[in-house]
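Work through the exercises below with the sequence and the model at hand. Each task is followed by a solution in steps.

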Amino acid sequence: MYNIRQVAEDLYFVGGNDKRLELFENMFPIPDGVSYNSYLLLDEKTVVVDSVDWSITRDYIRKIEILLDGRDLDYMLIHHMEPDHCGAIEEVCIRWPNVHIIASEQGFQFMRQMGYNIPEDQTIIVEEGDTMNFGKHTFAFLEAPMVHWPEVLMSLDTTNGVLFSADGFGSFKSLDGKLFADEVDWERDWLDEARRYLTNIVGKYGPFIQDVLKKADPLLPQIKYIAPLHGLVWRENLEYFIDKYDKWSKYEPEEEGVLIVYASMYGNTANAAQELANNLVMKGVKKVEVYDVSKTDISVLISKSFQYSHIVLASVTYNLGIYPKMKNYLMDLAALNVQNRTVAIIENGTWACTVGDKMEEFIDENLKLFDVLNERVTINTALTEANKNDMESLEDAIVESMKKIREVKEKFED
């Protein structure tokens, strides 16, 4: 009843879904909703792990009341103070006035900034290396600054092996009855949303994710579950998801493939992008995806940029510069620290075609470790036979670049 599910020994899921929200952080489209995850530990002491967004607080409180079954709530542990994970702190304190709040020092600072005035004798500050015992279960704390706020904690229940990973290892999408990653076809239905979530929200802070992965590495044999604040809980094949995070946070392409992003006003540049995609597939490139920069949400483009090894920028010239939507995409690539990609350029202009040089200049000045291929296609209004040789040269350069990267990777792995 009440969508309560057991996660592990003595641990229960008390979070819920938000299918009404259209934009996560008022920015990222979430057509399949999002979950706000919280967990309740029933030990000698009772501990609610993280809060939820105000939008689902009524059901959240009801679940806690049912599981407590008349017991008092002893502790509330807050790993991350973003409002979608702390919206119900005040309500919990009103319902259970004896509760003690556990958080980092900066977490309490953020609470005060948000208007949560917890009595000092009910606050417990923890930092990396601290442990807390609640009976059978002992939690060990790990600091995870800038994943993706500076006050973030993670904790490991050393008794049942649950890693509470805050926003790490999360995903967009509501749970809809599922709780564990092994209850869904994750690669088919969840991978894109997990990548879109990580790359757009935490992508800029890849080095900080790497720091946490290194610190957590000695603990891996103890970790049996990964319980994030959004999305599914992992209890099988944890190494698979950890490897994804390792690649994304090192800005390594997830897989070999070509992302073609085009900016087209009247369809001519779009036609060139589709022609390139068609020819690349005929030349054996198995993964090619084409997106209109004007119609595709930037979060999808960023996610796909993290996924693929090669990016083709096909743009019309606008006001002697880069088409605004394409420039926004390039600026987001820089803002989110995307690196280690090979780029090809198709430029278009009926007169004064300058966009190719402008895009390459932006890449050289703002993006790290981007390799721009020498081959370029310049279109004057529409693709014609005059462009055939240049198109073939560009296609061959992309295929050859993929081959060289593959050979280097294979040599390194040997």
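**Exercise 1. Place Met265 in the chain and find the surface patch it belongs to.**

Step 1. Met265 lies in the loop that runs between β17 (255-263) and α8 (268-282). Helices (H or I, at least four residues) and strands (E, at least two) are DSSP runs, numbered from the N terminus.

Step 2. Met265 has 37% relative accessibility and therefore counts as partly exposed. The classes are buried (under 20% relative accessible area), exposed (over 50%) and partly exposed in between, with a 1.4 Å probe and protein chains only.

Step 3. Together with Tyr266 and Tyr318, Met265 makes a nonpolar surface patch of about 370 Å². Patches take residues with over 30% relative accessible area and no salt bridge; like charges are joined within 9 Å, and nonpolar side chains (Val, Leu, Ile, Met, Phe, Trp, Tyr) within 5 Å. A salt bridge is a side-chain nitrogen of Lys or Arg within 4 Å of a carboxyl oxygen of Asp or Glu. Accessible areas come from the Shrake-Rupley method with a 1.4 Å probe, and for residues only the protein chains shown count as cover.

Before going on, note the basis of the values. The model is predicted: local features need pLDDT of at least 70, side-chain atom pairs count only at pLDDT 80 or more, and totals for chains, interfaces and linings use all residues. Residues are numbered from 1 along each chain as its sequence is written, and side-chain values use heavy atoms, with hydrogens and water left out.

**Exercise 2. Describe the aromatic pair of Trp186 and its setting.**

Step 1. The structure holds 22 aromatic pairs. Rings of Phe, Tyr and Trp (its six-membered ring) pair if their centres lie within 6.5 Å; planes under 30 degrees apart count as stacked, over 60 as edge-to-face and the rest as tilted.

Step 2. Trp186 pairs edge-to-face with Tyr240, at 5.8 Å centre to centre and 90° between the planes. This pair links distant parts of the chain: Trp186 is in helix α4 (residues 186-189) and Tyr240 in helix α7 (residues 238-249), 54 residues apart.

Step 3. Trp186 counts as buried because its relative accessibility is 7%.

Step 4. One aromatic cluster is formed by Phe169, Trp186, Trp234, Tyr240, Phe241, Tyr245 and Trp248.

**Exercise 3. Which charged residues sit over the rings of Phe180 and Trp190?**

Step 1. The criterion is NZ of Lys or CZ of Arg within 6 Å of the ring centre and within 35 degrees of the ring normal.

Step 2. Over Phe180 sits the charged end of Arg235, 3.7 Å from the ring centre.

Step 3. Over the face of Trp190 lies Lys173, at 5.3 Å from the ring centre.

**Exercise 4. Trace the strand pairing around β13.**

Step 1. Strand β12 (residues 131-133) pairs with strand β13 (residues 138-143) in the antiparallel sense, over three bridges. Two strands pair if DSSP finds at least two bridges between them.

Step 2. Thr131 has Ala140 in β13 as its bridge partner.

Step 3. The hairpin of β12 and β13 has four residues between the strands, and Gly135 there takes a positive phi near 135°.

Step 4. β13 also pairs with strand β14 (residues 153-157), antiparallel and over five bridges. Here the bridge partner of Glu143 is Leu153 in β14.
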